[in-house]
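Here's a quick tour of a few local details worth a look. Have the model open and follow along.

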Amino acid sequence: MPTELVQLSITNSVATVTLNRPDKLNALNGEMLDRLDAIADELDRNRDVRVVLLTGAGKAFCVGADIFEWSSLSPLEMGRRWIRDGHRIFERFARLPQPVIAVLNGYTFGGGLELALAADLRLAAVGVQLSFPEVKLGIIPGWGGTQRLPALIGASRAKQMIFSGARVDAAVAEGWGLVNEVVAAEELMARAHQLAAEIAANGPVAVQLTKQLIDGAEMASLEALAGSLASYTEDAQEGVAAFRERRAPQFSGR
Ligand code: COA
């Protein structure tokens with residue numbers, strides 16, 4: 001069986017998603033985007049998963065979009081498939097009910113940084129470098145970077161990173177609030193699992209509701225909350241009973 005370019009493993013309520021194309025520093029190709037999409041589907045439905053860790057195999061977290069793949073796309077394919085799919089899939093990770101922790105084990109560039117920004121928290125190994133090198137290639141960060149980066153670290157620092165394409169190391173990134181913690185490389189996964197276990201031990205519904213509140217619930221989430229509340233009122237029971245008994249309902253407002 002061919003090795004998956006993005007792997008998913010689930011242990012003790014913690015899912016680990018590993019970008020697994022280490023020979024290309026986990027550069028994201030179309031196959032990996034499709035696999036991330038399928039994994040987001042699975043995580044979204046899996047009520048046993050309480051925390052998601054997102055990391056990379058080898059010496060990089062992810063060096064961004066596969067330059068060779070996107071540079072051969074037609075303008076229409078670029079717009080429809082590459083940019084819109086990437087946007088949608090990263091948004092799916094951002095909107096997963098469970099907290100997502102990006103565990104930055106190495107280079108985090110371009111689309112890799114955009115994926116990390118779609119996570120709720122970021123842990124980085126000492127020495128990890130982060131950058132948006134797109135302008136050096138004459139393109140732009142097109143998977144949400146121009147929106148998520150300033151939202152996290154402010155417009156001024158975001159502009160510095162995006163305009164210059166310069167690398168920022170983990171220590172500076174921590175000072176800017178771009179990563180939550182910097183950890184020795186050999187302790188990175190252990191720290192990630194410790195934090196995941198701490199979160200996973202808490203009430204999952206409460207944790208997930210707070211994520212939605214902090215992120216600004218989208219209409220679908222608001223309707224889900226309102227729908228759950230309304231369905232469990234005495235009025236809803238009365239409405240269903242009245243329908244069954246073919247009579248007018250007597251609502252009490254409870
Ligand atoms: N897309 C496709 N392949 C990539 C890639 C990318 N974004 N980044 C690296 N690779 C490939 C290289 O082509 C190389 O493949 P090869 O061994 O078949 O030639 C392999 O990954 C290793 O990269 P290499 O450049 O040899 O490693 P390095 O340690 O010398 O340098 C980087 C690492 C990250 C500094 C360098 O690879 C780089 O600048 N990559 C581009 C990052 C970028 O611009 N990202 C934004 C994309 S829109």
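Which residues make a nonpolar surface patch of about 340 Å²? Ile-67, Phe-68 and Leu-137 do, in what is a predicted model. Take Leu-137: this residue sits in the loop that links strand E8 (129-131) to helix H5 (145-153). Its relative accessibility is 46%, so Leu-137 counts as partly exposed rather than exposed, a label that takes over 50%.

Now for the backbone. Asn-26 has a positive phi even though it isn't a glycine, and Arg-246 is another non-glycine residue with a positive phi. Here's how the two look side by side:

| Residue | Phi | Where | Relative accessibility |
|---|---|---|---|
| Asn-26 | about 60° | loop between E2 (14-19) and H1 (30-45) | 0%, buried |
| Arg-246 | near 55° | segment after H11 (234-244) | 79%, exposed |

Buried or exposed, which label goes to Asn-26? With a relative accessible area of 0%, Asn-26 is under the 20% cut-off and therefore buried. Arg-246, at 79%, is over the 50% cut-off, so this one counts as exposed.

A positive phi turns up in a hairpin too. Strand E1 (residues 6-11) runs antiparallel to E2, and six bridges join them. Thr-11 stands opposite Val-14 in E2. Two residues lie between the strands of this hairpin, and Asn-12 there takes a positive phi near 50°. Follow the chain on past E2 and you get to the loop leading to helix H1, where Asn-26 is found.

Conventions
Residues numbered from 1 in each chain as written. Predicted model: local features only at pLDDT ≥ 70, side-chain atom pairs only at ≥ 80, totals over all residues. Heavy atoms only, no water. Helix = DSSP H or I, 4+ residues; strand = E, 2+ residues; numbered from the N terminus. Buried < 20%, exposed > 50% of the residue type's maximum accessible area, 1.4 Å probe, protein only. Pairing = 2+ DSSP bridges. Patch = residues over 30% accessible without salt bridge, like charges linked within 9 Å, V, L, I, M, F, W, Y side chains within 5 Å. Areas by Shrake-Rupley, 256 points an atom, 1.4 Å probe, with all protein chains shown as cover. Salt bridge = Lys/Arg side-chain N within 4 Å of Asp/Glu carboxyl O.
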